[in-house]
Amino acid sequence: ALAAFRKVHAMTPDNAEVLYQLGNVSDMLGDFPAAIKHLEILHAKVSTDPGILARLGAIHAAIGDEAKALHYYQESHRLYPSDMDVLRWLGTFYVKTGNWEKARELYQLACMIKPKDVKYRLLVATCLRKVGNVNDALAAYETIHKVYPDNVECLRHLCRLYGDLGRTKDVDECQVKLRKVEAEDGDGGVGGFANELAAMGVGDGAAGEGGSG
């Protein structure tokens with residue numbers, strides 16, 4: 001396939017579809033320099049295509065060039081903010097680098113795109129907590145709890161925050177709910193969320209705290 005596209009490219013060097021296919025096939029074959037070369041030529045011709053930018057971002061991320069990956073992903077996100085793959089990469093990058101406010105903005109957008117995915121609501125609350133905005137973080141977790149009363153991760157954070165604020169009655173009530181849910185449902189899905197944070201390189205710190213008392 002690559003040889004065929006190269007032959008067509010030699011005859012029609014400005015053909016955008018051929019350039020894309022050359023980049024695509026090179027990427028799949030692991031020839032990242034060739035993939036980048038063809039896609040960058042294509043980007044110069046079609047500068048406002050977010051898909052090309054996202055693909056360049058993904059390739060640069062794959063070869064460990066985080067600076068260029070960030071550049072291309074940011075440009076792709078600017079043109080098409082709803083691409084969840086791009087949004088997730090950027091959110092993870094900002095979490096890893098401690099830019100919690102920027103991460104929060106992205107995860108709030110993710111909440112609008114994926115309103116039924118509690119993970120992004122939890123990530124927004126985590127970002128608020130990480131920057132020390134305890135009241136807004138607490139309000140976020142309380143709102144999540146109303147919609148997802150059996151979410152263990154949310155309950156653990158509520159227990160922790162109530163404890164930090166000295167609200168002992170609320171801590172007691174929260175821990176009763178937490179123990180009940182843990183007894184019925186195990187981790188209630190918290191493992192997946194905790195693992196996602198771990199993959200970001202962030203120890204969230206609440207996984208074992210809320211239910212210990």
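I take helix axes as lines fitted to C-alpha atoms over the stretch in contact, with angles from 0 to 180 degrees between N-to-C directions. The model I am reading is predicted.

**Entry 1: α2 and α3**

I looked up helix α2 (residues 16-28) against α3 and found that their axes come within 7 Å and cross at roughly 155 degrees. Angles over 145 degrees count as roughly antiparallel. I therefore note α2 and α3 as roughly antiparallel to each other. Their crossing is left-handed. I then listed the residues that make this contact: α2 supplies A16, L19, Y20, L22, G23, S26 and D27, while α3 supplies F32, A34, A35, H38, L39, I41, L42 and K45. Sorted by class, the contact of α2 with α3 has 10 nonpolar, 3 polar and 2 charged residues.

**Entry 2: α3 and α4**

I went on to helix α3 (residues 32-45) and helix α4 (residues 50-62), which pack at an angle of about 155 degrees with axes 10 Å apart. I therefore record α3 and α4 as roughly antiparallel to each other. α3 passes α4 in a left-handed crossing. On the α3 side I find F32, A35, I36, L39, E40, L42 and H43, and they meet I52, L53, R55, L56, I59 and H60 in α4. The residues of this contact divide into 9 nonpolar, 2 polar and 2 charged.

**Entry 3: nonpolar cores**

I searched for nonpolar cores and found that the largest has 41 residues. Within this core, the residues with the most contacts are L90, Y94, Y107, Y120, Y141, I144 and L158. I checked which elements give two or more residues to this core: they are α5 (66-79), α6 (84-96), α7 (100-113), α8 (118-130), α9 (134-147), α10 (152-164) and α11 (168-185). α8 gives the most, with 8 residues. I also found a second, separate core of 10 residues, which includes L19, L39, L53 and Y72. Three of these names come back from the earlier entries: L19 lies in the contact of α2 with α3, and L39 of α3 and L53 of α4 lie in the contact of those two helices.

**Entry 4: the whole chain**

I counted the elements last and have 12 helices and 0 strands. Read along the sequence, the pattern is α-α-α-α-α-α-α-α-α-α-α-α. Of the 213 residues of the protein, I find that 42% count as buried. For contacts with a separation of 6 or more, I note that residues 24 or more positions apart account for 46%.

How values were computed: Residues are numbered from 1 along each chain as its sequence is written. This is a predicted model: local features need pLDDT of at least 70, side-chain atom pairs count only at pLDDT 80 or more; totals for chains, interfaces and linings use all residues. Side-chain values use heavy atoms; hydrogens and water are left out. Helices (H or I, at least four residues) and strands (E, at least two) are DSSP runs, numbered from the N terminus. Angles under 35 degrees count as roughly parallel, over 145 as roughly antiparallel, 65 to 115 as roughly perpendicular and the rest as oblique. A crossing is left-handed if the near helix is turned anticlockwise from the far one by less than a right angle, and right-handed if clockwise. Contact means heavy atoms within 4.5 Å. Ala, Val, Leu, Ile, Met, Phe, Trp, Tyr, Cys and Pro count as nonpolar, Asp, Glu, Lys and Arg as charged, and the others, Gly among them, as polar. A nonpolar core is a set of buried Ala, Val, Leu, Ile, Met, Phe, Trp, Tyr and Cys residues joined through side-chain atoms within 4.5 Å. Buried means under 20% relative accessible area, exposed over 50%, partly exposed in between (1.4 Å probe, protein chains only).
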